[in-house]
Amino acid sequence: MMKNLVLLGGGYGNMRVLLRLLPNQLPEDVTITLVDKFPYHSLKTEYYALAAGTISDQEVRVSFPEHPRLNALFGEVTHIDLENKQVFIKDKEPVPYDDLVIGLGCEDTYHSVPGAAEYTHSIQSIDKSRLTYQTLSNMPAGSKVGIVGAGLSGIELASELRESRPDLGIVLFDRGHRILKDFPERLSKYIHKWFVDHGVEVVNNANITKVEPHTIYNHDEAYPMDAVVWTAGIQPNRVVREMPVEKDRSGRVKLSQYHNLPTDEHVYVVGDCASLPHAPSAQLAEEQAEQIVQVLLKRWKGETLPEELPEIKLKGILGSLGKKQGFGFVADRAITGRVARFLKSGVLWMYRYHNG
Ligand SMILES: Cc1cc2nc3c(=O)[nH]c(=O)nc-3n(C[C@H](O)[C@H](O)[C@H](O)COP(=O)(O)OP(=O)(O)OC[C@H]3O[C@@H](n4cnc5c(N)ncnc54)[C@H](O)[C@@H]3O)c2cc1C
């Protein structure tokens with residue numbers, strides 16, 4: 001009997017699953033069905049540049065691998081039926097699974113701020129990033145853009161947009177008393193100085209209380225804006241939010257030590273939808289996927305699993321400030337400047353090399 005491994009979402013997590021199982025680790029009696037909305041893998045970590053208009057659409061797309069036992073199905077997953085072991089896809093027949101890896105990524109969360117969902121732009125999905133690109137690039141000279149949230153993606157978008165459109169006024173609203181307050185102060189100072197030197201206004205201790213068309217309210221004070229981009233928080237994909245399983249405070253699915261549902265050893269969750277002891281990132285999704293592949297292979301072969309899997313170790317973070325400067329926190333050290341930017345480009349190059 002052939003078994004069907006269904007992968008929901010061809011993001012960083014499930015791409016790593018494919019990379020490890022194909023071409024020759026996939027047991028003869030297993031087929032893979034990959035389901036994604038889009039017929040390509042999207043480089044989410046580059047959406048800030050897509051939105052700012054500094055890279056082309058084609059540069060954020062990577063072809064999915066091909067294999068005789070890999071079926072790719074392109075459509076929108078609407079619902080997972082855990083009881084009957086099948087997945088519902090808009091306008092298509094339900095897909096039955098023997099094993100399932102859910103890697104549908106995340107969406108914006110708006111913390112109940114009125115108007116935020118309706119009147120802000122997003123860089124959390126490729127289609128929304130394209131719309132953001134259109135809005136930002138069609139803005140007349142001298143227009144004002146507000147960016148809410150100075151995490152990695154907000155910082156990268158603000159700096160990239162500055163280089164792309166020197167004529168725009170850019171205001172970055174940061175909730176903390178300093179940018180990246182959980183990292184060494186040297187990084188915050190470096191990034192802050194870059195913004196001051198490049199004419200990006202940073203508003204610290206911000207609390208956005210409302211968004212209206214052309215106006216954003218910080219502590220109820222109105223700031224006129226021609227466009228607002230929201231980079232102030234994420235939550236798991238709606239399909240996962242609607243699953244009747246136990247979640248953590250961020251809505252991520254609680255898992256066993258083998259990354260499967262505690263109630264179902266055939267359903268795994270990878271990446272931004274999974275509750276793990278680290279903040280979500282592409283790197284984390286990939287490292288977790290490595291472990292899921294090991295678990296799948298052992299279970300398929302009927303081998304015993306170790307009591308615990310090794311702790312997932314991450315390398316650090318790397319961010320860009322436009323095309324020439326960057327920053328990072330790698331091996332517990334803060335790095336800044338051209339070296340950091342060079343490293344970031346290198347990581348992307350390696351990723352494309354292995355997945356292209
Ligand atoms: C601007 C920006 C910069 C970032 N920079 C970094 C960085 O430098 N380093 C880092 O480690 N992380 C970074 N991240 C975070 C990183 O992108 C995510 O953590 C990572 O993409 C999560 O991987 P994933 O496999 O969970 O899902 P994703 O990579 O988000 O993939 C989800 C997939 O599911 C598909 N999908 C979603 N919903 C459906 C549906 N209903 N039906 C069918 N398909 C669906 C999508 O099309 C997509 O292909 C950044 C994020 C952003 C936004």
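Below, a biologist asks a modeller about a predicted model with a bound ligand.

Biologist: Which residues come nearest to the ligand?
Modeller: The shell around the ligand has 32 residues. By class they divide into 11 nonpolar, 14 polar and seven charged. Those that come nearest are Gly13, Asp36, Val77, Asn237 and Asp272.

Biologist: How far is a polar side-chain atom of aspartate 36 from an oxygen atom of the ligand?
Modeller: Aspartate 36 is one of the residues that come nearest to the ligand. The cut-off for a polar contact is 3.5 Å between N or O atoms. The side-chain atom of aspartate 36 and the ligand oxygen are separated by 2.6 Å.

Biologist: Which residue has a polar backbone atom 2.9 Å from an oxygen atom of the ligand?
Modeller: Backbone atoms also approach the ligand, and one of them, from lysine 37, is 3.1 Å from a ligand nitrogen. For the ligand oxygen at 2.9 Å, the backbone atom belongs to alanine 282.

Biologist: What share of the ligand's exposed area does the protein bury?
Modeller: Taken alone, the ligand exposes 1,000 Å². Helices α1 (12-21), α5 (152-164) and α8 (282-301) each give two or more residues to the shell around it. The share of that area buried by the protein is 89%.

Biologist: Is serine 159 buried or exposed?
Modeller: Serine 159 lies in helix α5. Buried means a relative accessible area under 20%. The value for serine 159 is 0%, so this residue is buried.

Biologist: Which residue has its backbone oxygen 2.9 Å from a polar side-chain atom of serine 159?
Modeller: The side chain of serine 159 has a polar atom 3.5 Å from the backbone oxygen of serine 320. Another backbone oxygen lies 2.9 Å from a polar atom of this side chain, and its residue is isoleucine 155. Both isoleucine 155 and serine 159 are among the buried residues of α5.

Biologist: How far apart are the end C-alpha atoms of α5?
Modeller: Helix α5 has 13 residues. At 1.5 Å a residue, α5 should span 18 Å. The end C-alpha atoms agree with that, at 18 Å.

Biologist: Why are the buried residues of α9 placed on the same side of the helix?
Modeller: The buried residues of α9 are Ala340, Arg341, Lys344, Tyr351 and Asn355. They are put on the same side of α9 because they cover only a limited arc around its axis. On the other side of α9, Arg338, Val339, Phe342, Trp349 and Tyr353 are exposed. The arc of the buried residues is 105°.

Biologist: What should helix α9 span at 1.5 Å a residue?
Modeller: Helix α9 covers residues 338-355, which is 18 residues. Its end C-alpha atoms are 26 Å apart, in agreement with the expected span of 26 Å.

Biologist: Which exposed residues does the face of α6 turned away from its buried side carry?
Modeller: The buried residues of α6 are Leu187, Ser188, Ile191, Trp194 and Phe195. They cover an arc of only 130° around the axis, so they lie on the same side of α6. The face turned away from them carries the exposed residues Lys189, Lys193 and Val196.

Biologist: Which peptide bond is cis, with omega near 0°?
Modeller: Most peptide bonds are trans. The cis bond leads into proline 23, a residue in the loop between α1 and β2 (30-36). It is the bond from leucine 22 to proline 23.

Biologist: Is leucine 180 buried or exposed?
Modeller: Leucine 180 lies in the loop between β13 (169-173) and α6 (185-197). Its phi is positive, near 45°. With a relative accessibility of 12%, leucine 180 counts as buried.

Biologist: Is alanine 331 buried or exposed?
Modeller: Alanine 331 is placed in the loop between β23 (325-330) and β24 (333-337). Its phi is near 50°, a positive value in a residue other than glycine. The relative accessibility is 64%, so alanine 331 counts as exposed.

Biologist: How far apart in space are tyrosine 133 and isoleucine 123, C-alpha to C-alpha?
Modeller: Tyrosine 133 is in helix α4 (residues 126-137), and at 36% relative accessibility it counts as partly exposed. In sequence, tyrosine 133 and isoleucine 123 are 10 residues apart. In space, their C-alpha atoms are separated by 9.2 Å.

Methods: Residues numbered from 1 in each chain as written. Predicted model: local features only at pLDDT ≥ 70, side-chain atom pairs only at ≥ 80, totals over all residues. Heavy atoms only, no water. Near = heavy atom within 4 Å. Polar contact = N/O pair within 3.5 Å; in protein donor to acceptor, adjacent residues only side chain to side chain. Areas by Shrake-Rupley, 256 points an atom, 1.4 Å probe, with all protein chains shown as cover. Helix = DSSP H or I, 4+ residues; strand = E, 2+ residues; numbered from the N terminus. Nonpolar A, V, L, I, M, F, W, Y, C, P; charged D, E, K, R; others polar. Expected span 1.5 Å × (residues − 1). Buried < 20%, exposed > 50% of the residue type's maximum accessible area, 1.4 Å probe, protein only. Arc of directions from axis to C-beta.
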